[in-house]
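Here is a friendly walk through a two-chain model, one region at a time. Keep the structure open beside the text and follow along.

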Amino acid sequence: MYVARAGDRLPDTPALRFGAGERIQGVTPTEPRGTDKDAHELQGRLMHVSRLATIGEMAAGVAHELNQPLTAITTYAQACTRLLDRVEPNLGDVREALQQIASQAVRAGAIIRRLRNLVRHTDSERRPGDINALVEEMRELMETDARVHGVRLRFELAQGLPRVMVDGVQIQHVLLNLLRNALEALATVEPGRREIVISTSLTREGEIELALADSGPGVEPAVAERMFDPFFTTKEFGTGLGLTISATILRIHGGTLGYRPASPAGACFFARLPTA
Amino acid sequence: MKEPTPTVFVVDDDEGVRNSLRFLLKSVGLTAITLPSALEFLKTYDPEQPGCLVLDVRMPGMSGLELQQQLNVRGAMIPVIFITGHGDIPMAVEAMQHGAFDFLQKPFRDQDLIDRIQRALATDHKNRLALKERDSIRTRLDSLTPREREVLDLMMRGKPNKVMAAELGLSQRTVEIHRARVMEKTEASSLAQLVRMVMDSGSASTAR
């Protein structure tokens with residue numbers, strides 16, 4: 001089992017260079033570590049950027065997800081026109097179609113609202129929450145993303161779990177990060193065998209665990225040693241910050257991010273949070 | 001025997017899309033059966049049932065493309081119209097290469113879908129008639145005796161009776177009788193029709 005070290009934090013400021021000597025605004029070159037306030041602000045901004053990057057990667061899935069209710073709406077509306085063109089239209093059928101149009105539009109609206117919440121979120125605020133509800137909120141988005149990758153998602157959410165004190169959007173960000181890693185790990189697996197199990201449980205230590213286990217090839221020990229390090233990546237276009245930022249989010253929540261091989265095969269990443 | 005009513009099968013994992021398509025097809029008087037997955041379709045699919053398949057390319061579990069491949073392996077002839085989300089064009093191209101009847105991008109104009117469905121149903125009907133005709137010709141050809149079959153093969157190559165008689169070691173009279181029996185059993189009205197029937201049935205002899 002590998003756990004992101006307790007002292008892990010976002011990379012020190014000198015490492016955050018954008019091009020030649022230019023540093024992220026708010027960090028003075030003379031103070032490599034910045035003030036606490038600067039560091040906090042930087043951390044928040046970095047999380048925001050990382051979240052946007054994650055959402056950007058999910059764009060194809062989101063577009064596909066929105067297209068479904070739009071297709072249903074278009075089809076119902078056109079069928080309505082046909083029905084009304086008849087000599088004696090069956091108004092009951094028309095009403096049924098209109099109700100369906102309304103509910104599909106509400107569904108499309110919910111997709112956009114969820115996305116907007118993820119994008120807009122800047123001020124961290126922790127509230128007591130239900131981990132399962134946070135997962136459920138992301139379910140449709142995750143399922144669409146999984147569908148685009150030909151992956152089946154399975155949910156094993158333990159009931160009656162104690163509440164956790166969390167910034168919901170940040171925890172969902174971790175969930176999406178882990179999902180994207182798992183989806184990429186499954187690219188080499190034959191289509192019928194791509195599965196991710198998303199589970200919640202109460203650990204023996206009394207922590208709430210959110211885990212993603214995939215049926216992929218697993219993480220090689222040499223990679224596992226380093227994968228929580230900032231800028232370490234095995235992806236061609238990865239930033240190497242996904243797991244680091246996820247680990248930071250868990251750390252500021254008093255929790256941990258870790259990895260263990262999944263059984264019978266594959267990788268399992270887990271986030272553990274103290275109960276509220 | 002009465003022909004079963006042609007049925008439009010709709011396979012899409014999205015419940016909203018599925019129900020809206022059933023509603024539309026019902027509103028234009030088509031018989032539609034909707035299914036949430038490729039596996040569900042395979043479970044209920046009867047190759048004898050005339051119709052067409054409206055299939056979502058991208059689905060969890062078995063994708064639309066995989067279902068198409070399964071159907072191809074089984075030799076199923078049902079015409080497949082793919083419906084795709086945007087960005088799925090490469091998949092649609094692949095589907096066409098594997099013999100898809102047509103494809104449409106979601107969302108689509110209802111008339112475009114209905115036109116394609118009507119064309120697919122017409123094609124399916126034509127294919128089924130052709131298949132039936134072929135089966136019937138095969139049955140007739142199978143009823144020939146080995147000797148009649150030999151005569152038929154020589155007729156196909158345009159040999160006159162005299163040559164046939166010499167080749168088969170028969171009298172010309174006997175060849176004429178066999179010839180008449182071949183025409184009678186195959187119900188061919190002319191040599192030209194007979195040749196076409198044998199070619200269409202795919203059972204033309206390649207010997208010699």
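## The central strand pairs of chain B

Let's start inside chain B, bearing in mind that this is a predicted model. Strands E1(B) and E3(B) run parallel and are joined by 5 bridges. If you look along this pair, you will find Phe9(B) standing opposite Leu53(B) in E3(B).

E1(B) also pairs with E2(B), again in the parallel sense and over 5 bridges. Here Val10(B) faces Thr34(B), a residue of E2(B). The link between these two strands is worth tracing: E1(B), helix H1 (residues 15–27) of chain B and E2(B) together make a right-handed β-α-β unit. How many of the 5 residues of E1(B) are buried? The count is 4, so E1(B) is largely enclosed by the rest of the structure.

## The whole sheet of chain B

Stepping back, these strands belong to an open sheet of 5 strands in the order E2-E1-E3-E4-E5 (chain B), with parallel pairing. Strand E2 (31–35) and E5 of chain B are the edge strands, and each pairs on one side only. From one strand to the next, the twist averages 20°.

Towards the E5(B) edge, strand E4 (residues 80–84) of chain B pairs with E5(B) in the parallel sense over 4 bridges. In that pair, Ile81(B) stands opposite Asp102(B) in E5(B). Helix H5(B) packs on the sheet, where it touches strand E1 (7–11), strand E3 (51–56), E4 and E5 of chain B. The direction of H5(B) makes about 135° with that of E3(B).

## Chain B as a fold

Chain B has 9 helices and 5 strands. Read from the N terminus, its elements run β-α-β-α-β-α-β-α-β-α-α-α-α-α. Of the 208 residues in chain B, 35% are buried. Among its contacts with a separation of 6 or more, 61% are between residues 24 or more positions apart.

One pair of residues gives you a concrete view of positions that are distant in sequence. Ser136(B) and Thr186(B) are 50 residues apart along the chain, and their C-alpha atoms are separated by 9.5 Å. Ser136(B) has its place in helix H5 of chain B. With 13 other C-beta atoms within 10 Å, Ser136(B) is partly exposed.

## Backbone details to check

Two peptide bonds deserve a click. In chain B, the bond from Lys106(B) to Pro107(B) is cis, with omega near -15°. Pro107(B) is found in the loop between strand E5 (102–105) and helix H5 (110–142) of chain B. In chain A, a cis peptide bond joins Ser263(A) and Pro264(A), with omega of about 5°. You will find Pro264(A) in the loop between strand E7 (256–261) and strand E8 (267–273) of chain A.

Glu187(B) is another spot to look at: its phi is near 60°, a positive value in a residue other than glycine. Glu187(B) lies in the loop between helix H8 (172–186) and helix H9 (191–200) of chain B. Is Glu187(B) buried or exposed? It counts as exposed, because it has 12 C-beta neighbours inside 10 Å.

## The sheet of chain A

Chain A has an open sheet of 6 strands in the order E1-E7-E8-E6-E5-E3 (chain A), and the pairing is mixed. Strand E1 (2–3) and strand E3 (152–157) of chain A stand at the edges with a single partner strand each, so one side of each has no neighbour in the sheet.

At one of these edges, E1(A) pairs with E7(A) in the antiparallel sense over 2 bridges. Tyr2(A) stands opposite Tyr259(A) in E7(A). Helix H5 (residues 168–185) of chain A packs on the sheet and touches strand E5 (195–202), strand E6 (208–214) and E8 of chain A. The direction of this helix, H5(A), makes about 20° with that of E6(A).

## Where the chains meet

Finally, turn to the contact between the chains, which takes 25 residues from chain A and 20 residues from chain B. On the side of chain A that touches chain B, helix H2 (59–84), helix H3 (91–120) and helix H4 (131–148) of chain A each supply at least two residues. H2(A) gives the most, with 16 residues. By type, the residues on this side of chain A divide into 11 nonpolar, 10 polar and 4 charged.

Key:
Residues are numbered from 1 along each chain as its sequence is written. Chains are lettered from A and ligands numbered from 1 in the order in which they are written. This is a predicted model: local features need pLDDT of at least 70, side-chain atom pairs count only at pLDDT 80 or more; totals for chains, interfaces and linings use all residues. A residue is buried if 20 or more other C-beta atoms lie within 10 Å of its own, exposed if 12 or fewer, and partly exposed in between; C-beta atoms are placed from the backbone. Two residues are in contact if their C-beta atoms, placed from the backbone, lie within 7 Å. Ala, Val, Leu, Ile, Met, Phe, Trp, Tyr, Cys and Pro count as nonpolar, Asp, Glu, Lys and Arg as charged, and the others, Gly among them, as polar. Two strands pair if DSSP finds at least two bridges between them. Axes are lines fitted to C-alpha atoms, for helices over the stretch in contact, and angles run from 0 to 180 degrees between N-to-C directions. A crossover is right-handed if, with the strands pointing away from the viewer, the path from the first strand over the helix to the second runs clockwise.
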